[in-house]
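Work through the following exercises with the sequence and the model open side by side. Each task is followed by a solution in steps.

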Amino acid sequence: MPDTPPPPVRRGPGRPGYDQETVLRRAVELFNRQGYDATSMGDLARELGLTKSAIYHHVSAKSDLLAQALDEALGALEAVIARAGADDHRSAYERLRATVSGSVEVLIAHLPAVTLLLRVRGNSEVELAALERRRRIDDDFAAMVAAAVDEGALRTDLPPDLISRFLFGMVNSLAEWVRPEGRYDATVIAASLTTMVFDGLARDGRAG
């Protein structure tokens, strides 16, 4: 089914336009499709059927759109970790499970923005800032894994930082195939992945 632009919003007599949220969504789609560096404001204007001056009504530069998209993805992930970390009524193991499950739901709910985040390579100040935030998320997640190990809930023969990389890598791999409108909703996917990671796939206690 062809990707058709949403209907324009009228902003004056005979002058079509788009709201800022729509411009951002279309920009992220275009960045993911042909690459951020390869996309110009002229490309986005053509995508929306607008003039470049109409695009600049919403943002001052292409990097503003990138920053907004990356902040969407990073902010959602940071919120998941913050909520889990602030829950003193749960064990470290339970907080870790909640973080993995919540990260899956964030990825699916914000799939275009998270996909763009995963493709960032640090080619600009905006990207470098995003990578620094992502490193802090990785560090916080690794600390959660270490806390669960210290608690005795996870095996001790694997380095906690390696476990955290495996877990985040598994979650991030969903961006390659999952679709929000697919057969399974975000809740089912999050629960299934979390169960597989923490409880395994073997039946009748045959793990190991």
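The protein has nine helices and two strands. The model is a predicted one.

**Exercise 1. State the order of the elements from the N terminus on, and give the share of buried residues in the protein.**

Step 1. From the N terminus, the order reads β-β-α-α-α-α-α-α-α-α-α.

Step 2. Of the 208 residues in the protein, 39% are buried.

Step 3. Among contacts with a separation of 6 or more, 62% come from residues 24 or more positions apart.

**Exercise 2. Check the length of helix α1 against its number of residues, then describe its surroundings and its two ends.**

Step 1. Helix α1 covers residues 20–34, which is 15 residues. The expected span is 1.5 Å times one less than the number of residues, so α1 should span 21 Å.

Step 2. The end C-alpha atoms of α1 are 21 Å apart, which agrees with the expected value.

Step 3. The buried residues of α1 are T22, V23, L24, R26, A27, V28, L30, F31 and N32. They pack against α2 (41–48), α4 (62–85) and α6 (111–118).

Step 4. At the start of the helix, a side-chain oxygen of D19 comes to within 3.2 Å of the backbone nitrogen of E21.

Step 5. Just after α1, G35 has a positive phi of about 95 degrees.

**Exercise 3. How many aromatic pairs does the structure hold? Classify the pair F31 and Y36 and the pair Y93 and F198.**

Step 1. The structure holds three aromatic pairs.

Step 2. For F31 and Y36, the centre-to-centre distance is 4.9 Å and the angle between the planes is 80 degrees. Planes over 60 degrees apart count as edge-to-face, and F31 with Y36 is such a pair.

Step 3. Both F31 and Y36 are buried.

Step 4. The ring centres of Y93 and F198 lie 5.5 Å apart with the planes at 90 degrees, so this pair is edge-to-face.

Step 5. Y93 belongs to helix α5 (residues 92–109) and F198 to helix α9 (residues 186–199); the pair links distant parts of the chain, 105 residues apart.

Step 6. F198 has a relative accessibility of 16%. The limit for buried is under 20%, so F198 counts as buried.

Step 7. Y36 has a further partner: the charged end of K62 sits over its ring, 4.2 Å from the ring centre.

**Exercise 4. How many salt bridges does a search of the whole structure find? For the pairs E47 and R26, R133 and D71, and R97 and D199, give the closest distance between N and O atoms, and place each pair in the chain.**

Step 1. The search finds 13 salt bridges.

Step 2. In the salt bridge of E47 with R26, the closest N and O atoms are 3.0 Å apart. This pair links distant parts of the chain, since E47 is in helix α2 and R26 in helix α1, with their positions 21 residues apart.

Step 3. E47 and R26 are both buried. These two residues are also linked with E29 and R33 in a network of salt bridges.

Step 4. R133 and D71 form a salt bridge with the closest N and O atoms 2.8 Å apart. R133 lies in helix α7 (residues 125–150) and D71 in helix α4, so the pair ties together parts 62 residues apart in sequence.

Step 5. R133 is buried at a relative accessible area of 18%, whereas D71, at 41%, is partly exposed.

Step 6. Leaving out residues up to four places away in sequence, R133 touches D71, L74, G75 and E78.

Step 7. For R97 and D199, the closest N and O atoms of the salt bridge are 3.2 Å apart. R97 is in helix α5 and D199 in helix α9, so this pair links distant parts of the chain, 102 residues apart.

Step 8. D199 has a relative accessible area of 47% and is partly exposed.

**Exercise 5. Is A54 buried or exposed, and how far is A54 from Y18 in sequence and in space?**

Step 1. A54 is located in helix α3 (residues 52–55).

Step 2. The relative accessible area of A54 is 19%, and A54 is therefore buried.

Step 3. A54 and Y18 are 36 residues apart in sequence, while their C-alpha atoms are 8.9 Å apart in space.

Conventions. Residues numbered from 1 in each chain as written. Predicted model: local features only at pLDDT ≥ 70, side-chain atom pairs only at ≥ 80, totals over all residues. Heavy atoms only, no water. Phe/Tyr/Trp six-rings, centres within 6.5 Å; stacked < 30°, edge-to-face > 60°. Buried < 20%, exposed > 50% of the residue type's maximum accessible area, 1.4 Å probe, protein only. Helix = DSSP H or I, 4+ residues; strand = E, 2+ residues; numbered from the N terminus. Lys NZ or Arg CZ within 6 Å of the ring centre and 35° of its normal. Contact = heavy atoms within 4.5 Å. Polar contact = N/O pair within 3.5 Å; in protein donor to acceptor, adjacent residues only side chain to side chain. Salt bridge = Lys/Arg side-chain N within 4 Å of Asp/Glu carboxyl O.
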